[in-house]
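Hi everyone, thanks for making time for this. I'd like to walk you through a structure that may be new to you, so let's get it up on the screen.

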Amino acid sequence: MAMSHTWKSHLCSLPPGTIITGKWHGHSYRLLRRLGSGANGVVYLAENGRNRVAVKLSDDYASLASEMNILRRFSKVQGAALGPSLLEADDWPSPFARGTIPFYVMEYIEGEPFAVFVRRHGKEWAPVLLVQLLSVLERLHEEGWVFGDLKPDNVMVTGPPPSVRLLDVGGTTLQGRAVKEFTELYDRGYWGLGSRKAEPSYDLFAAAMVMIVSCSLGPIEKKGNGRAQLVALIEADRFLSRYKEVLQKALDGRYAKAAEMRRDLLAASAHRPTTHNVRRQTAPSRRPSRRTNRRRKARGVVETVLIAALLLGLYGFYIYRQLSM
Amino acid sequence: MRTGTLRQILLITDGCSNHGEDPAAMAALAREQGITVNVIGVLDQDTIDENGRREIEAIAAAGGGMSQIVYAKQLSQTVQMVTRQAMTQTLQGLVNRELKQILGSNASLEDLPPDKRGQVMEVVDELGETVALEVLILIDTSGSMKTKLPTVKEALVDLSLSLNARMGANRFSVLIFPGKRSHVEKLVDWTPRMEELSAIFPKLASGGLTPTGPALREAIAYFERKRSLRSWIGHGDEPYVEESSL
């Protein structure tokens with residue numbers, strides 16, 4: 001692209017107080033601070049009157065227009081918002097650029113990124129938030145999309161009560177196409193565990209990675225056999241190893257739907273960590289242990305006695321009423 | 001709208017050419033024939049010298065493509081990103097030209113109201129997904145590039161992974177320069193998949209020469225040769241993207 005690096009760095013360092021006025025609609029936004037910057041643009045927190053909004057500026061008309069298409073589509077989806085809602089699109093005739101700078105204005109989602117939240121509030125939040133995330137993904141997938149660039153930074157935890165929202169729809173792709181944008185660490189192609197075709201299992205791999213990365217310490221970098229390395233990471237952490245089966249299944253692309261992974265994750269969370277650290281939570285019918293069998297028998301006896309007592313009581317009551325009448 | 005084939009040369013180098021024609025002139029020649037030239041400069045730990053940087057930018061500018069200078073570690077991500085963005089850029093250029101024909105000489109994506117832009121981009125995205133793509137990868141194997149070649153190979157496998165997730169067809173070819181006997185040596189002939197890129201880079205002739213210009217010239221001829229061969233056999237019906245084919 002014929003853009004100079006100085007221009008881009010200029011775009012990334014607009015001083016607070018800069019006022020951006022659109023040439024088509026004429027609305028003004030006062031920049032407060034930078035929220036973040038990525039490969040194709042920079043996002044600022046801004047205010048328009050009393051409203052706080054997020055403004056995304058870019059030097060790339062094309063990718064910005066693509067993103068707006070997606071945001072617009074999502075605003076039509078009924079129910080809870082899948083991404084930040086799009087408020088306005090316009091061009092800024094900026095003093096330092098040759099032409100105009102395209103920008104769009106969206107809802108400001110206040111919160112903490114997934115990994116930051118988990119680090120501050122404890123690992124037990126990771127599966128809770130992941131379950132929420134999977135519900136959002138399920139809806140997105142039902143609409144025929146794949147989020148693509150799923151990573152802790154793109155999952156905001158808002159609240160209270162804590163709930164997840166997706167940010168940055170730059171990677172969102174129609175199912176069946178090639179994923180538009182991704183981050184290596186969360187990309188199954190990078191780990192040698194699948195293609196870059198946009199399908200639900202692509203997002204579920206990334207979702208598993210979000211949990212693994214948020215719960216492990218230190219940087220992760222691929223060395224040699226990707227799968228073995230990831231499994232070792234799960235096993236190295238006592239908390240993560242409780243979810244080993246779910247995570248592994250997601251890494252291997254064996255979940256076709258987010259709902260299936262969500263269900264298994266909930267089931268794994270329901271199991272209390274007992275003296276046995278790792279518990280199999282597959283169907284107990286496969287190899288029921290003797291202890292659960294015995295417990296089940298005892299429960300049966302108690303139930304029978306209770307029912308008998310209830311019937312006796314009812315009968316006694318009936319007799320008593322008969323006698324008293 | 002017919003979709004044709006987009007043709008790209010991806011030059012991976014780490015510095016200045018020192019032999020033969022000016023590579024920027026050769027890149028301009030490629031552009032005239034509908035081939036986009038993208039350049040990726042690979043760094044070690046150090047920074048690239050100013051001449052190298054200028055040459056890399058000049059080649060990409062003349063070839064109508066993109067340039068990026070990156071550390072070897074970021075190569076995979078960069079290679080696939082540059083290829084895709086250049087593709088979008090080319091398609092956008094074609095769509096822009098169409099727009100000009102419909103709306104008058106001054107119309108381009110930038111001049112449309114933001115809401116209309118989205119509709120144009122949908123067409124571009126759709127084309128980018130379905131168009132056939134031919135990428136000729138031209139790798140500088142001289143001197144200091146040698147230590148980076150394993151990373152380059154990884155990046156190429158990654159590139160084919162990305163592109164093969166698209167619905168459109170892909171063909172790749174890999175040339176290295178300097179070759180043993182000539183400026184350029186063919187490493188991989190046109191193939192749809194590079195995952196099986198098992199060929200290790202051969203023992204490389206070491207010498208001080210970096211004939212980037214001549215290598216580009218021969219790369220263009222490599223596209224031509226294929227085309228002429230094809231029309232000879234009678235498969236010349238595969239359309240190349242030209243203004244008229246859209």
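I'll take the two chains in turn, then the place where they touch, and finish with one sheet.

Before we start, please keep in mind that this is a predicted model.

Let's begin with chain A. Its secondary structure comes to 10 helices and 11 strands. Chain A has 325 residues, and 37% of them are buried. Now think about contacts in chain A with a separation of 6 or more: 58% of those are between residues 24 or more positions apart.

On to chain B. Here we have 246 residues, with 44% counting as buried. There are 6 helices and 6 strands in chain B. If you read chain B along the sequence, the pattern goes β-α-β-α-β-α-α-β-α-β-β-α. And for contacts in chain B between residues at least 6 apart in sequence, 78% join residues at least 24 apart.

So, where do the chains meet? How many residues does each chain bring to the contact? Chain A brings 22 residues and chain B brings 23 residues. On the side of chain A that touches chain B, the elements giving two or more residues are α2, residues 61–76, and β5, residues 86–92. Helix α2(A) gives the most to that side, with 7 residues. As for the character of the side of chain A that touches chain B, its residues divide into 10 nonpolar, 5 polar and 7 charged.

Now let me zoom in on one sheet in chain A. This is an open sheet of 3 strands, in the order β7-β9-β10, and the pairing is antiparallel. Which strands stand at the edges? Those are β7, residues 112–113, and β10, residues 163–166, of chain A. Each has a single partner strand, so one side of each is left without a neighbour in the sheet.

As a quick reminder, strands of a sheet pair through backbone hydrogen bonds, either parallel or antiparallel. In this sheet, β7(A) is joined by 2 bridges to β9(A), residues 155–158, and the two run antiparallel. If you'd like a pair to find on screen, look for Glu112(A), whose bridge partner in β9(A) is Val157(A).

One last element: helix α4 of chain A, residues 125–142, packs on this sheet. Helix α4(A) touches both β9 and β10 of chain A, and its direction makes about 45° with that of β10(A).

That's my tour, thanks for listening!

Notes
Residues numbered from 1 in each chain as written. Chains lettered and ligands numbered in written order. Predicted model: local features only at pLDDT ≥ 70, side-chain atom pairs only at ≥ 80, totals over all residues. Contact = placed C-beta atoms within 7 Å. Helix = DSSP H or I, 4+ residues; strand = E, 2+ residues; numbered from the N terminus. Nonpolar A, V, L, I, M, F, W, Y, C, P; charged D, E, K, R; others polar. Buried ≥ 20, exposed ≤ 12 C-beta atoms within 10 Å, placed from the backbone. Pairing = 2+ DSSP bridges. Axes fitted to C-alpha atoms, helices over the stretch in contact; angles between N-to-C directions.
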